[in-house]
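Okay, thanks everyone for coming. I've got one model to walk you through today, so let's put it up on the screen.

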Amino acid sequence: MKRFHVHAHVEDLQASVAFYAKLFGAAPTRLESDYAKWMLDDPRINFAISTRGGKPGVDHLGIQADTADELAELKARARAADAQVLDEGATTCCYAASEKHWVTDPQGIAWEHFQTLADIPTFSASHAAAPQPGSACCPGDAPRGKPIAIAIAVKPAGSCC
């Protein structure tokens, strides 16, 4: 079964971890000095935050496949949607070894499709030292998404819908 993925940049990892741990009712599954990840089953999501990359906000969306067949299905769907597919193949990122590819939707939002194969001790084998400019996970030639602005209207208590 596939899992929805969101990766956001944060300025203050400690404050953000405290917020999301309370919001999700769970501690992070993985916590590093520059990164935190929650693998939740309800809702089924891989939610990651990091201090790497651009300015704070949502960096990219994605779908995590559990099997190679599911990943192949995601790639076929991306191609059927007339999306240009950037195939990274075997790579390392976000403290994991994975197989992945990227697509960009018509609005310019980057989508990552990946299967995690193993945990690794560094953020990325090629970025073991300092954070790199740009995205937290995208290679330099990956399709880059536009910042996602989310506006939420809050209704007064007692109002409906």
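I'll go through the sheet, then the helices, then the cavity, and finish with a few local details. Keep in mind that this is a predicted model.

So, the sheet. We've got eight strands in an open sheet, and the pairing is mixed. If you read across, the order goes S2-S3-S4-S1-S5-S8-S7-S6. At the edges you have strand S2, residues 30-32, and strand S6, residues 86-93, and each of those pairs on one side only. Going from one strand to the next, the twist averages 20°.

Let's look at one pairing inside that order. Strand S5, residues 57-64, and strand S8, residues 110-119, run parallel, and four bridges join them. If you want a spot to click on there, try glycine 62, which stands opposite glutamate 112 in S8.

Okay, helices. Helix H1, which is residues 13-24, packs on the sheet and touches S2, strand S3 (35-41) and strand S4 (44-50). The direction of H1 makes about 10° with that of S3. Then there's helix H2, residues 68-80, lying across S5, S6, strand S7 (96-104) and S8. H2 runs at about 165° to S8.

Now, how many cavities of 30 Å³ or more does a search of the whole structure find? Just one, and the volume comes out at about 130 Å³. There are 16 residues lining that cavity, and the closest to its centre are Cys93, Cys94, Ala96, Phe114 and Thr116. As for which elements give two or more residues to the lining, you've got strand S1 (3-9), S3, S4, S7 and S8. By class, the lining has seven nonpolar residues, six polar and three charged.

Hang on to Cys94 for a second. Cysteine 94 sits in the loop between S6 and S7, and it has a positive phi of about 55° although it isn't a glycine.

While we're in loops, go over to the one between S3 and S4, where you'll find proline 43. The peptide bond from aspartate 42 to proline 43 is cis, with omega near 0°.

Last thing, salt bridges. The structure holds 10 of them, and I'll show you one. The side chains of aspartate 34 and arginine 52 meet at 2.4 Å, N to O. Where do aspartate 34 and arginine 52 lie in the chain? Aspartate 34 is in the loop between S2 and S3, and arginine 52 is in the loop between S4 and S5, so to speak distant parts of the chain, 18 residues apart.

That's my tour, and I'm happy to take questions.

Technical notes:
Residues numbered from 1 in each chain as written. Predicted model: local features only at pLDDT ≥ 70, side-chain atom pairs only at ≥ 80, totals over all residues. Heavy atoms only, no water. Pairing = 2+ DSSP bridges. Axes fitted to C-alpha atoms, helices over the stretch in contact; angles between N-to-C directions. Contact = heavy atoms within 4.5 Å. 1 Å grid on protein atoms, 1.4 Å probe; cavity = no way out; pocket = protein on both sides within 12 Å on 5 of 7 lines; lining within 4 Å. Points joined across faces, edges and corners; volume = space filled by probe spheres on them. Nonpolar A, V, L, I, M, F, W, Y, C, P; charged D, E, K, R; others polar. Salt bridge = Lys/Arg side-chain N within 4 Å of Asp/Glu carboxyl O.
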